[in-house]
Amino acid sequence: MTTPPLTLRPARADDLPEVHRMLIALAAQTGQRAAITPPVLARIALEGRAARLLVAQRDDSPQRHPVGYVLLMIGRNMVAGADWGVVEQLYVQAPDRGNGIGRALLAAARQLAAEAGCAGVTVSSRPETDGSALAWRALGLEMDDPEPRFAAA
């Protein structure tokens, strides 16, 4: 697997229409309808203190829109008594899957959490999402039973 040349960066306002399309596709994989609107996404991703939205953009593509994203939420883990990161969503568009983009996004989210002082990171997942469990295991993560979460730290 060769990862294409990528730019991983915080999302900007002009990235949000493509991120919103990917969010709709992610929801559809579970038979749900994405209820979040573009203005709410902008408030969460660009103005919220707890959310970190990173996008992946292929440097070798004439398309200048993101091909994937990761949403990291940072908050206090009341059991651990420390700040903790939770990867709430990770999505890579179908043509770019299997090229290491998801792995790069997850690594960037983990780094961002560490820089924010988080004691660890957990990946939230829905087992019914097509391929999500396989994807997380391919990234080297193990599922914590019985919760649909994968330990990333």
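**Buried charges, an aromatic pair and two nonpolar cores**

Both R58 and D96 are buried. In this predicted model, their side chains come together in a salt bridge, with 2.7 Å from N to O. The partners belong to distant parts of the chain, 38 residues apart: R58 sits in strand β2, while D96 is found in the loop between β4 and α3 (101–115). A further acidic residue, D60, joins R58 and D96 in a network of salt bridges.

The structure has six salt bridges in total. One of them is formed by E18 and R21, whose side chains meet at 2.8 Å, N to O. Here the partners lie three residues apart within helix α1 (residues 16–29), so about one helical turn separates them. E18 is a buried residue, its relative accessible area being 11%; this value falls under the 20% that marks the limit for burial. Another salt bridge brings together the side chains of R12 and D14, at 3.2 Å from N to O. The surroundings of this pair can be read from the accessibilities: R12 is partly exposed, at 41% relative accessible area, and D14 is exposed, at 55%.

Attention now turns to the aromatic residues. The structure contains one aromatic pair, made by Y69 and Y91. A pair of aromatic rings is described by the distance of the centres and the angle of the planes. For Y69 and Y91 the centres are 6.5 Å apart and the planes stand at 35° to each other, an arrangement classed as tilted. Because Y69 belongs to strand β3 (residues 68–77) and Y91 to strand β4 (residues 82–92), the pair ties together parts of the chain that are 22 residues apart in sequence. Both tyrosines, Y69 and Y91, are buried.

The nonpolar interior comes next. The largest nonpolar core has 17 residues, and the members that touch the most others are V70, V87, L90, I101 and L105. At least two residues of this core come from each of β2, β3, β4, α3 and β5 (121–124). The biggest contribution is that of α3, which provides five residues. L105 gives a good view of the surroundings: beyond residues up to four places away in sequence, L105 touches L8, L54, V55, A56, G68, Y69, V70, L90, Y91 and V92. Both tyrosines of the aromatic pair, Y69 and Y91, are thus among the residues that L105 touches. Apart from the largest core lies another, of 16 residues, which include L23, L26, L53 and Y69.

A last look at strand β2 concerns A51, which lies in this strand (residues 51–58). With a relative accessibility of 8%, A51 counts as buried. When neighbours within four places in sequence are left aside, the contacts of A51 are I44, L71, L72 and M73. The C-alpha atom of A51 is 9.7 Å from that of E88, and the two residues are 37 residues apart along the chain.

Methods: Residues numbered from 1 in each chain as written. Predicted model: local features only at pLDDT ≥ 70, side-chain atom pairs only at ≥ 80, totals over all residues. Heavy atoms only, no water. Helix = DSSP H or I, 4+ residues; strand = E, 2+ residues; numbered from the N terminus. Buried < 20%, exposed > 50% of the residue type's maximum accessible area, 1.4 Å probe, protein only. Contact = heavy atoms within 4.5 Å. Phe/Tyr/Trp six-rings, centres within 6.5 Å; stacked < 30°, edge-to-face > 60°. Salt bridge = Lys/Arg side-chain N within 4 Å of Asp/Glu carboxyl O. Core = buried A, V, L, I, M, F, W, Y, C linked by side-chain atoms within 4.5 Å.
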